[in-house]
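Dear colleague,

I am handing over to you the structure shown below. My account of what was found in it follows directly after.

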Amino acid sequence: MFLALLLGYFLGSFPVAYWFGALRGRNVLREGSGNPGALNAYRLLGPVPGLMVLFLDLFKGLLAVALGEGAAGSPLGGLLGGVGAVWGHAFSPWLLFRGGKALATGAGVLLAVDPRILLLALLLFALLYLLSRRPYRSALAVALALPLLSTLLGHTLPHLLFGLGVGLPVALRHLKDWDR
């Protein structure tokens, strides 16, 4: 099981946006919002690199779940691989434990584990954004609600802990932008 978590963390830690920026002579950590994520890549590098980063970050999450499940030989390994990918994206050793907000990687993980959780998270985000007009606060609230969203669908204790494991790094990365 530890191997599944480690594989997910390693895969999630690849700073795709940072590398895309470096290929174009830009440092996404120093420019823009300082966040090596798809939205910042879109703003700094343009729509094509931004969408490529979004796709690759999503794919990291999907692949981490599949690799975790294969390494552990059980669905629990997939949950651990997904949790590892989100933590790896948010706290990448390649970037001295800085990282992105892990939204795209987390979405890929949720899509692989149970698309209904992703759908509920997107609906909750849309509702909270409509009420507050604060995207970072809305994302933070959804991240904190992930354990509850997964239990609403009748999942087990491992799924509850999975929701906590995926939501916590996303919430931690959104705390610094509380006022936005």
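Let me begin with helix α9, whose buried residues are H159, F162, G163, G165, V166, G167, P169, V170, A171, R173 and H174. Please keep in mind throughout that this is a predicted model.

The buried residues of α9 pack against three other helices, namely α5 (75–90), α6 and α8. Helix α9 is 19 residues long, and the distance from its first C-alpha to its last is 26 Å, close to the 27 Å expected at 1.5 Å a residue. There is nevertheless a kink of about 25 degrees in α9 at G167, shortly before the proline P169.

Two residues of α9 may be considered individually. F162 belongs to this helix. Is F162 buried or exposed? Its relative accessibility is 3%, so F162 counts as buried. Setting aside residues up to four places away in sequence, F162 touches L79, V83, V109, L110 and V113. F162 and T151 lie 11 residues apart along the chain, and their C-alpha atoms are separated by 10 Å.

H159 is also found in helix α9. Why does H159 count as buried? The limit for this class is a relative accessible area under 20%, and H159 is buried because its relative accessibility is 18%. Apart from its neighbours within four places in sequence, H159 is in contact with L79, V113 and S150.

The next element is helix α8, which covers residues 135–152. It has 18 residues and reaches 24 Å from its first C-alpha to its last, close to the 26 Å expected at 1.5 Å a residue. Where does α8 bend? The bend is at L146 and amounts to about 50 degrees; a proline, P147, follows within four residues. Both L146 and P147 are among the buried residues of α8, which also include Y136, S138, A139, L140, V142, A143, A145, L149 and S150. The cover over the buried residues of α8 includes α6 (103–113), α7 (115–132) and α9 (157–175).

I turn now to the spaces in the model. The largest pocket has a volume of about 760 Å³. Elements that give two or more residues to its lining are α3 (38–45), α4 (47–72), α6, α7, α8 and α9. Which helix gives the most to this lining? That helix is α8, with six residues. In total, 33 residues line the largest pocket, and those nearest its centre are A102, L103, A104, A139 and H174. Two of these residues have appeared above: A139 is among the buried residues of α8, and H174 is among those of α9. By class, the lining of the largest pocket divides into 22 nonpolar, eight polar and three charged residues.

There is also one cavity of 30 Å³ or more. The largest cavity has a volume of about 40 Å³. Its lining consists of G12, S13, F14, P15, P36, H89, S92, L95, G99 and G100. Of these lining residues, four are nonpolar, six are polar and none is charged.

The loop between α5 and α6 holds two residues that deserve your attention. One of them is L96, which is found in this loop. Its phi is near 55 degrees, a positive value in a residue other than glycine. With a relative accessible area of 73%, L96 is exposed, because the class begins over 50%. F97 is placed in the loop between α5 and α6 as well. F97 has a positive phi of about 65 degrees, although it is not a glycine.

Finally, I draw your attention to G21, which is located in helix α2 (residues 16–23). How is G21 classed, buried or exposed? G21 has a relative accessible area of 0% and is therefore buried. Its contacts, leaving aside neighbours within four places in sequence, are R26, V28 and L45. From C-alpha to C-alpha, G21 and P49 are 8.7 Å apart in space, while they are 28 residues apart in sequence.

As you look through the model, I suggest that you begin with α8, since α8 was described above both for its bend at L146 and for giving the most residues to the lining of the largest pocket.

With kind regards

Terms used
Residues numbered from 1 in each chain as written. Predicted model: local features only at pLDDT ≥ 70, side-chain atom pairs only at ≥ 80, totals over all residues. Heavy atoms only, no water. Buried < 20%, exposed > 50% of the residue type's maximum accessible area, 1.4 Å probe, protein only. Contact = heavy atoms within 4.5 Å. Expected span 1.5 Å × (residues − 1). Bend = angle between axes of the 7 residues up to and from the residue. 1 Å grid on protein atoms, 1.4 Å probe; cavity = no way out; pocket = protein on both sides within 12 Å on 5 of 7 lines; lining within 4 Å. Points joined across faces, edges and corners; volume = space filled by probe spheres on them. Nonpolar A, V, L, I, M, F, W, Y, C, P; charged D, E, K, R; others polar.
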